Amino acid sequence: MTKQKTILSGIQPSGKLHIGNYFGAMRQHIRMQQEGDAFYFLANYHSLTSVNNGRLLEEYTMDVVLDYLALGLDPDKCTFFAQSDVPQTTELAWILGCLTPVSLMEKGVSYKDKVANGLSPNIGLFTYPILQAADILIYHSNLVPVGEDQKQNIEIARDLAGKLNRAYEKDLLIIPEEYIVKSVAIVPGIDGRKMSKSYDNTINIFDEGKTLKKRVMAIQTDSTPLEDSKDPETCNVFSLIKLFAEVDIADEIAEKYKAGGYGYGHAKKELMGLIEGFFAEARDKRKELEKNPDYVRDVLSDGGIKARKRAESVMEPIREATGLFRSFSY
Ligand code: ADP
Ligand code: TRP
């Protein structure tokens, strides 16, 4: 029997998750949980680069756990855990950092983007890709399903794995294959830019009722009069409709756009119904899970134990090779 591939991915708990996160990342994670030995984690060390309020970080972390479980992540099929339960990650990140040229970090596009969007230019943010590399490499991951925007960080992880192996002349780390999810285009936000929590243009996965209505009604459209024919392909509302509707329903709506007499208000109503229907089951499941915080904590602690065990088995030979002195073993 061939060995199962290790699949790994993470998401930062630094705000409420939105439908861009769902279609761009979470849906793939959930789909892939049975395709290998999957590890999914809450990148809460990474969130410290932008969230410096303990109560808030804890709240966001629990929110993301509930979201994933409600949307179908099954802790019996994958290892689901918090990054902070695996301190070996930061240990490896330090060692990798000592092999990382500053110039490699200076090429990081994500750092520049985030600072341009108002995040504080702290060292954590600057060296974020090194911690991400440690996340990936500490489990001997083979596949890392992520969106296009993470491509550079995966390349850095591959690069750093090679540097460590060469420095100590040993195959201490596995070089992960690239795995970029190409199936989903960037999901637009209500202002037409990329949906992102940094732009305050999101529709959150579990928005409902008045909040959902307010967000959908605020989607920017052009001013074509109601009776005129409209082009669905250039409309933000229709881009979102396409994500939620079956193909035949989306085609029908496109025809209505083209025929005229169909306004953006109609399309928005249709979109609202589609979003509500799409997440209805998950919404109910989330409400049930909210009543059971002990179960949720148990999921994370079981996952944390498994993840830490794997990480320790990768870390131990690295400690030995690097010559780091230890008076006792873990
Ligand atoms: P945000 O931009 O809201 O801060 P993150 O950068 O934390 O989101 O992204 C988490 C994951 O969700 C990443 O894998 C990213 O590829 C995916 N993602 C985020 N926004 C979108 C979007 N608008 N369209 C598609 N995927 C997205
Ligand atoms: N940087 C990723 C994001 O913003 C989150 C992340 C942290 C990650 N560590 C990772 C993703 C390791 C994949 C693998 O979405």
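**View 1. Arg 55 and Glu 59 pair up along helix H3.**
In this predicted model, Glu 59 and Arg 55 form a salt bridge, and their closest N and O atoms are 2.9 Å apart. Side chains of opposite charge can pair when their charged atoms come close. Where do the two residues sit in helix H3? Helix H3 covers residues 54-71, and because Glu 59 and Arg 55 are 4 residues apart in it, about one helical turn separates them. Take a look at their surroundings too: Arg 55 counts as exposed, with 55% relative accessibility, while Glu 59 is partly exposed, at a relative accessible area of 37%.

**View 2. Arg 158 and Glu 178 form a salt bridge between a helix and a loop.**
Here the closest N and O atoms of the pair are 3.9 Å apart. Arg 158 belongs to helix H9 (residues 151-167), whereas Glu 178 is found in the loop between H9 and strand S5 (180-181), so the salt bridge ties together parts that are 20 residues apart in sequence. Are these two residues buried or partly exposed? Arg 158 is partly exposed, with 29% relative accessibility, and Glu 178 is partly exposed as well, with a relative accessible area of 31%.

**View 3. Arg 286 and Glu 290 meet in helix H14.**
Follow helix H14 (residues 280-290) and you will find both partners, 4 residues apart, or about one turn of the helix. Their side chains form a salt bridge with an N to O distance of 2.9 Å. Arg 286 counts as buried because its relative accessibility is 10%, and buried means under 20%. Glu 290, at 46% relative accessibility, counts as partly exposed. This pair also has company: Arg 286 and Glu 290 are linked with Lys 16, Asp 63 and Asp 67 in a network of salt bridges. Across the model, the count comes to 23 salt bridges.

**View 4. Ligand 1 is surrounded by 13 residues.**
The closest residues are His 18, Asp 149, Val 187, Ser 196 and Lys 197. Which residue places a polar side-chain atom 2.7 Å from an oxygen atom of ligand 1? That residue is His 18. Lys 194 also has a polar side-chain atom facing an oxygen atom of ligand 1, at 3.2 Å. Val 187 takes part through its backbone, where a polar atom is 2.8 Å from a nitrogen atom of the ligand. On its own, ligand 1 exposes 540 Å², and the protein buries 88% of that. Helix H1 (residues 19-32) gives the most to the shell, with 4 residues. By class, the shell has 4 nonpolar, 6 polar and 3 charged residues.

**View 5. Ligand 2 has a shell of 14 residues.**
Start with the closest ones: His 46, Tyr 128, Gln 132, Asp 135 and Gln 150. Three side chains are worth finding here. Tyr 128 has a polar side-chain atom 2.7 Å from a nitrogen atom of ligand 2. For Gln 132, the distance from a polar side-chain atom to a nitrogen atom of the ligand is 2.9 Å. Gln 150 has a side-chain N or O atom 2.9 Å from a nitrogen atom of ligand 2. The protein covers 89% of the 370 Å² of accessible area that ligand 2 has on its own. Strand S1 (6-11) and helix H8 (128-137) each supply at least two residues of the shell, and H8 provides the largest share, 4 residues. Sorted by class, the shell contains 7 nonpolar, 6 polar and 1 charged residues.

Conventions. Residues are numbered from 1 along each chain as its sequence is written. Chains are lettered from A and ligands numbered from 1 in the order in which they are written. This is a predicted model: local features need pLDDT of at least 70, side-chain atom pairs count only at pLDDT 80 or more; totals for chains, interfaces and linings use all residues. Side-chain values use heavy atoms; hydrogens and water are left out. A residue is near a molecule or strand if one of its heavy atoms lies within 4 Å of it. A polar contact is a pair of N or O atoms within 3.5 Å; within protein, one must be able to donate a hydrogen and the other to accept it, and residues adjacent in sequence count only if both atoms are side-chain atoms. Accessible areas come from the Shrake-Rupley method with a 1.4 Å probe; for residues, only the protein chains shown count as cover. Ala, Val, Leu, Ile, Met, Phe, Trp, Tyr, Cys and Pro count as nonpolar, Asp, Glu, Lys and Arg as charged, and the others, Gly among them, as polar. A salt bridge is a side-chain nitrogen of Lys or Arg within 4 Å of a carboxyl oxygen of Asp or Glu. Buried means under 20% relative accessible area, exposed over 50%, partly exposed in between (1.4 Å probe, protein chains only).
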